[in-house]
Amino acid sequence: MKKARYLFPNDYMADPSAHVFNEKLYIYPSHDWDSNVVENDKGDHFNMKDYHAFSMDDINGPIKNHGKILDLKDIQWASKQLWDSDVAFKNNTYYLYFSAKDRDGIFRIGIATSKDPVGPFIPSPDPVPGSFSIDPCLFEDDNNFYMYFGGLWGGQLEKYRNNIYDNNNELPGNSSPALGPKIAKMRDDMSGFAESPKDILIIDQNGESIAQGDTDRRFFEASWMHKYKNKYYFSYSTGDTHKICYATGDNPYGPFVFQGIILTPVIGWTTHHSILEFKNKWYLFHHDCLPSNGITWLRSMKVIELEYNYNGSIKTIQGSR
Ligand code: FUB
């Protein structure tokens with residue numbers, strides 16, 4: 001697959017999180033729509049109100065829309081903005097973790113469960129205790145699940161220090177170490193964190209922290225973790241420089257050494273992805289705004305093959321493909 005395939009031209013779907021369950025490929029995107037909210041730096045125009053699930057038997061075959069799996073109006077604690085989500089399978093249950101604003105306008109991470117990968121998912125009455133910010137990614141390693149999360153600006157990550165919110169907090173200075181995403185091991189029952197969220201450190205090849213002002217390389221949002229040949233690949237969006245980059249480490253907590261660019265900028269402001277192996281090939285799921293003629297908040301999900309070099313580095317993919 002040398003050219004990206006738009007997966008669902010009938011509607012706008014973004015932030016695709018892809019997983020294989022029972023040998024089938026499932027995709028959990030955000031569902032974009034035009035809510036007439038004016039665009040701003042806080043992302044208020046991403047005003048999503050439900051989630052859908054998709055499945056495929058083959059990467060080149062038909063894609064099935066399983067319809068709505070969760071609706072904002074059924075989530076007691078949430079007020080708006082159903083942003084990026086992810087799904088994990090454990091204890092014979094599918095757990096959907098999702099970003100949403102609570103009634104005070106603070107992003108939290110919600111949880112909903114189902115016995116079926118395509119729902120419907122039943123939301124818990126409260127968000128995951130101690131959760132904050134956006135973009136959960138669930139990663140399984142040695143029978144443990146970890147959640148990676150966090151996002152700057154609209155995602156509110158810079159408002160936290162030591163996991164505590166203070167509206168007076170701002171981004172560190174340009175030469176300070178960049179704010180990192182968070183990681184927390186999940187409890188066995190998947191209902192919450194088994195530990196306080198910890199900072200993920202991204203360093204350069206000399207062991208120095210990537211600086212906050214290094215906007216071409218510092219973390220912004222869209223955490224994803226995958227493992228390839230026993231290495232841990234942490235990938236993320238650089239936000240206002242619009243790249244998907246990656247850094248590698250020896251364990252789920254890092255530190256992770258910056259390696260390079262996976263995806264150059266796509267049409268649109270946001271870029272967000274997932275990476276997985278399916279039937280012995282690796283794929284990058286992502287989105288762009290080409291089908292909506294560049295309307296930032298109307299994004300379309302895509303997939304393209306991802307390839308490694310012999311030394312384990314990832315071949316950069318052009319966002320225009
Ligand atoms: O879809 C809303 C937000 O846009 C996501 O949570 C971010 O990662 C960005 O893609």
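Asn-163 sits in the loop between β13 (160-161) and β14 (164-165). In this predicted model, the phi of Asn-163 comes out near 70°, a positive value in a residue other than glycine. That is worth a second look, since most residues other than glycine have a negative phi. Asn-163 is partly exposed, at a relative accessible area of 22%. Asn-36 shows the backbone feature again, with a positive phi near 70° in a residue other than glycine. Its place is the loop between β3 (24-31) and β4 (50-56), and here the residue is exposed, with a relative accessible area of 69%.

Two peptide bonds also deserve a note, given that most peptide bonds are trans. Gly-119 and Pro-120 are joined by a cis peptide bond with omega at about 5°, and Pro-120 belongs to the loop between β9 and β10. A cis bond also links Gly-254 to Pro-255, again with an omega of about 5°. Pro-255 is located in the loop between β20 (244-249) and β21 (256-263).

The cis bond at Pro-120 leads straight to the strands around it. Strand β9 covers residues 107-114 and is mostly tucked away, with six of its eight residues buried. On one side, β9 pairs with strand β8 (residues 93-102) in the antiparallel sense, over eight bridges. Within that pairing, Phe-98 has Gly-110 of β9 as its bridge partner. The hairpin of β8 and β9 has four residues between the strands, and Gly-105 in this hairpin takes a positive phi near 80°. Strand β10 (residues 122-123) pairs with β9 as well, antiparallel and over two bridges. There, Ala-112 is matched with Pro-123 of β10.

Now for the packing. The largest nonpolar core has 55 residues, and Tyr-97, Tyr-148, Ile-202 and Leu-306 touch the most other members. Strand β12 (residues 144-149) supplies the largest share of this core, with five residues. Apart from this core lies another one, of 27 residues, with Phe-21, Leu-96, Phe-98 and Phe-121 among them. Phe-98 thus turns up both in this second core and as the bridge partner of Gly-110. Back in the largest core, Tyr-148 has contacts beyond its neighbours within four places in sequence, including Asp-135, Pro-136, Cys-137, Phe-139, Lys-182 and Ile-183. Further along the chain, the contacts of Tyr-148 include Ile-200, Ser-223, Met-225, Phe-234 and Pro-252.

Cys-137, one of those contacts of Tyr-148, brings up the question of disulfides. The count comes to zero. The sulfur of Cys-137 has its closest cysteine sulfur in Cys-245, but because the gap is 16 Å, it is too far for a bond. Seen from Cys-245, the closest cysteine sulfur is that of Cys-137, at 16 Å, so no bond is possible there either. Both residues are hidden from solvent: Cys-137 is buried with a relative accessible area of 0%, and Cys-245 is buried at 0% too.

The ligand is surrounded by Asp-15, Met-48, Trp-83, Asp-84, Asp-135, Glu-221, Thr-270, His-272, His-287 and Arg-299. Three of its surroundings can be described by distance. A polar side-chain atom of Asp-15 lies 2.5 Å from an oxygen atom of the ligand. For Asp-135, the separation between an N or O atom in the side chain and a ligand oxygen is also 2.5 Å. Asp-84 takes part through its backbone instead, with a polar backbone atom 3.3 Å from an oxygen atom of the ligand. Asp-135 also appears among the contacts of Tyr-148.

Arg-299, another residue around the ligand, is in the loop between β23 (281-288) and β24 (300-306). Despite its loop position, Arg-299 is buried, with a relative accessible area of just 3%. The side chain of Arg-299 makes a polar contact with the side chain of Thr-270, at 3.0 Å. Sequence-distant parts of the chain meet here: Arg-299 and Asp-11 are 288 residues apart along the chain, yet their C-alpha atoms are separated by 8.8 Å. Leaving aside neighbours within four places in sequence, Arg-299 is in contact with residues including Tyr-12, Met-13, Ala-14, Asp-15, Asp-32 and Phe-46. Met-48, Thr-270, His-287, Asp-288 and Cys-289 are also among the contacts of Arg-299. Of these, Asp-15, Met-48, Thr-270 and His-287 are residues that surround the ligand too.

Methods: Residues numbered from 1 in each chain as written. Heavy atoms only, no water. Buried < 20%, exposed > 50% of the residue type's maximum accessible area, 1.4 Å probe, protein only. Contact = heavy atoms within 4.5 Å. Polar contact = N/O pair within 3.5 Å; in protein donor to acceptor, adjacent residues only side chain to side chain. Pairing = 2+ DSSP bridges. Disulfide = S-S within 2.5 Å. Core = buried A, V, L, I, M, F, W, Y, C linked by side-chain atoms within 4.5 Å. Near = heavy atom within 4 Å.
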